[in-house]
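Morning, everyone. I have one structure to walk through today. Please bring it up on the screen.

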Amino acid sequence: MGLRTRFRPGTRRHATVAFAIAIVVSALGFGGSALAAPASAPAAKFTGDPVKVATMGEFDVPSAGTSNPEWPGAVQARAKAINKAGGLKDASGKTHELQVIVCNSALDPNKATQCANDAVAQKVVAVIGINSSEAPQMMPILTAANIPVIAPVVVDPSETTSKNSFPITSGVPGAFIAMPQILAKTGATKISLIYPDIPGAATAKLFVNAGIKKAGVQDGGAVPVAADATDLTPAIAAATKEGTNGIAAFLLGDAQGTLLRQIKQQGVKAKLSTASAFLTPSLLSSRGDTTNGVLVVGSTVPITTKTKGGQMFQKDMNAFNKKLAQTDLAAQNWLGAWVFERVANTLPAITAASVLDAMGKLQNMDMGGLTPPLTTTTPFNSPDNPSYNALLARLYNPTVVYERVKNGKVFLVGDKKNPFVTVF
């Protein structure tokens with residue numbers, strides 16, 4: 001996804017430079033930023049008015065070559081299951097058709113602004129799953145309208161400080177700070193970073209460096225790679241010099257696959273880690289055994305591990321569209337829809353105001369084993385790094401899961417009964 005990382009570890013200030021991470025962005029054919037809703041089911045099925053939610057993000061960015069229809073598809077999949085079962089049921093007993101409005105912000109701040117304005121105009125009661133680098137354009141509009149945002153992929157401080165934001169995973173900050181830590185956990189003692197030489201990447205370096213420090217290992221340095229580089233031999237040599245035995249790496253698009261292939265061809269023995277968003281389903285399926293053994297930081301427990309939430313997610317996705325990838329970012333959006341559903345069931349009237357109020361009072365909500373139970377009454381607190389506390393105040397789940405690739409799939413590493421690792 002084209003993400004703009006604006007967090008700066010250790011300070012409340014944040015960088016404003018763009019950080020284009022082409023990892024997640026989906027194509028649904030909805031045509032620009034216009035909001036699109038699926039066809040309504042017959043009104044006779046429901047006893048109350050329809051309830052609208054929105055999902056928005058970089059769902060189709062041809063210029064970046066990215067396509068992730070599974071993100072909005074996951075929200076739509078849960079909505080389809082709800083409607084098929086009789087609709088969203090409020091506390092008064094009325095049933096409502098749940099309509100999902102999809103808006104593609106297309107890595108364009110103007111379209112992102114329009115997505116948020118249109119959501120307000122459509123009177124949505126919640127936004128589920130902002131997958132966008134353009135959160136700074138969206139969040140102020142949604143906050144001013146008191147529309148809750150459930151399960152945004154955290155890439156900007158607005159998503160961890162705004163009163164209406166309810167992240168359910170640790171997002172970009174968690175992924176980058178965890179990459180060195182998973183390497184250290186599996187034996188690496190000196191860790192380097194390979195990263196794209198683009199504006200804003202320095203911000204990501206700060207999080208990786210914070211992870212190296214927290215892991216208590218040696219810093220092997222950082223190696224930038226030009227966006228159009230095809231021969232990564234010099235970068236690999238620089239990243240493995242002087243006894244470096246761990247590499248945290250994230251490159252954009254095809255470059256990530258090239259890096260994995262050339263590391264394999266050159267017989268590099270250093271352990272390699274990345275974040276799940278950089279290992280797209282197409283990359284995993286096309287690179288064969290070159291991805292075997294890669295360590296992965298994930299945001300939810302992978303569906304290769306049996307969990308209640310994972311089974312529900314798979315069932316809903318298969319019923320909606322079997323061709324959609326079942327990734328952890330899709331699972332995160334699906335979880336957001338499931339959280340919304342259960343909150344709405346407790347409300348006499350399902351409105352933005354009532355959902356916002358109820359979302360701020362959650363205590364140990366079951367997340368089906370995909371993430372830890374969700375509590376939104378306790379702000380983020382890092383004993384090791386108190387400087388993060390104000391910046392990440394609403395990061396209610398400061399954990400990641402550790403995974404490893406085998407035969408094109410990711411599998412959990414470690415304790416299946418307690419897979420969640422706090423990384424701050």
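I will go through a pocket, a disulfide, a helix and a few single residues.

One point before the details. This is a predicted model.

Let's start with the pocket. Rolling a probe the size of a water molecule over the atoms shows where empty space is left. Here, the largest pocket holds about 540 Å³ of space. Which residues sit closest to its centre? They are Pro281, Leu284, Gln326, Thr327 and Val410. In total, 29 residues line this pocket. Four elements give two or more residues each to that lining. Two of them are helix 1, residues 70-84, and helix 9, residues 281-286. The other two are helix 11, residues 328-344, and strand 16, residues 409-412. As for chemistry, the lining has 16 nonpolar residues, nine polar ones and four charged ones.

Stay with helix 11 for a moment. Asp328 belongs to that helix. Is Asp328 buried or exposed? Buried: the relative accessible area is 11%, and the cut-off for buried is under 20%. Asp328 also has a neighbour to note in Pro302. The two are 26 residues apart along the chain, yet their C-alpha atoms are separated by 6.4 Å.

Next, the cysteines. A disulfide is a covalent bond between the sulfur atoms of two cysteines. How many does a search of the whole structure find? One. The partners are Cys103 and Cys115, with sulfur atoms 2.0 Å apart. Cys103 lies in strand 6, residues 98-104, and Cys115 in helix 2, residues 109-121. So the pair ties together parts that are twelve residues apart in sequence. Now the handedness. The torsion about the S-S bond is about -85°, so this disulfide is left-handed. Both cysteines are buried.

On to helix 5, residues 171-185. This helix has 15 residues. From first C-alpha to last, helix 5 reaches 21 Å, close to the 21 Å expected at 1.5 Å a residue. Where is the kink in helix 5? At Ala178, shortly before the proline Pro180, and the angle is about 35°. Now the burial. Of the 15 residues in helix 5, 13 are buried, so the helix is largely enclosed by the rest of the structure. After helix 5 comes Gly187, with a positive phi near 115°.

That brings me to backbone torsions. Most residues other than glycine have a negative phi, and most peptide bonds are trans. Two residues to look at here are Lys123 and Asn407.

Lys123 is not a glycine, but has a positive phi near 60°. Its place is the loop between helix 2 and strand 7, residues 126-131. Lys123 is exposed, at 68% relative accessible area. The cut-off for exposed is over 50%.

Asn407 is not a glycine either, and its phi is positive, about 55°. Asn407 sits in the loop between strand 15, residues 399-406, and strand 16. Strand 16 is one of the elements we met in the pocket lining. Asn407 counts as exposed, at 59% relative accessibility.

One last contact, back at Lys123. Which distance separates Val53 and Lys123 in space? From C-alpha to C-alpha, 8.5 Å, with their positions 70 residues apart in sequence. Val53 is found in strand 1, residues 51-57. At 0% relative accessibility, Val53 counts as buried, whereas Lys123 is exposed.

That's my tour. Over to you for discussion.

Methods: Residues numbered from 1 in each chain as written. Predicted model: local features only at pLDDT ≥ 70, side-chain atom pairs only at ≥ 80, totals over all residues. Heavy atoms only, no water. 1 Å grid on protein atoms, 1.4 Å probe; cavity = no way out; pocket = protein on both sides within 12 Å on 5 of 7 lines; lining within 4 Å. Points joined across faces, edges and corners; volume = space filled by probe spheres on them. Nonpolar A, V, L, I, M, F, W, Y, C, P; charged D, E, K, R; others polar. Disulfide = S-S within 2.5 Å. Buried < 20%, exposed > 50% of the residue type's maximum accessible area, 1.4 Å probe, protein only. Expected span 1.5 Å × (residues − 1). Bend = angle between axes of the 7 residues up to and from the residue.
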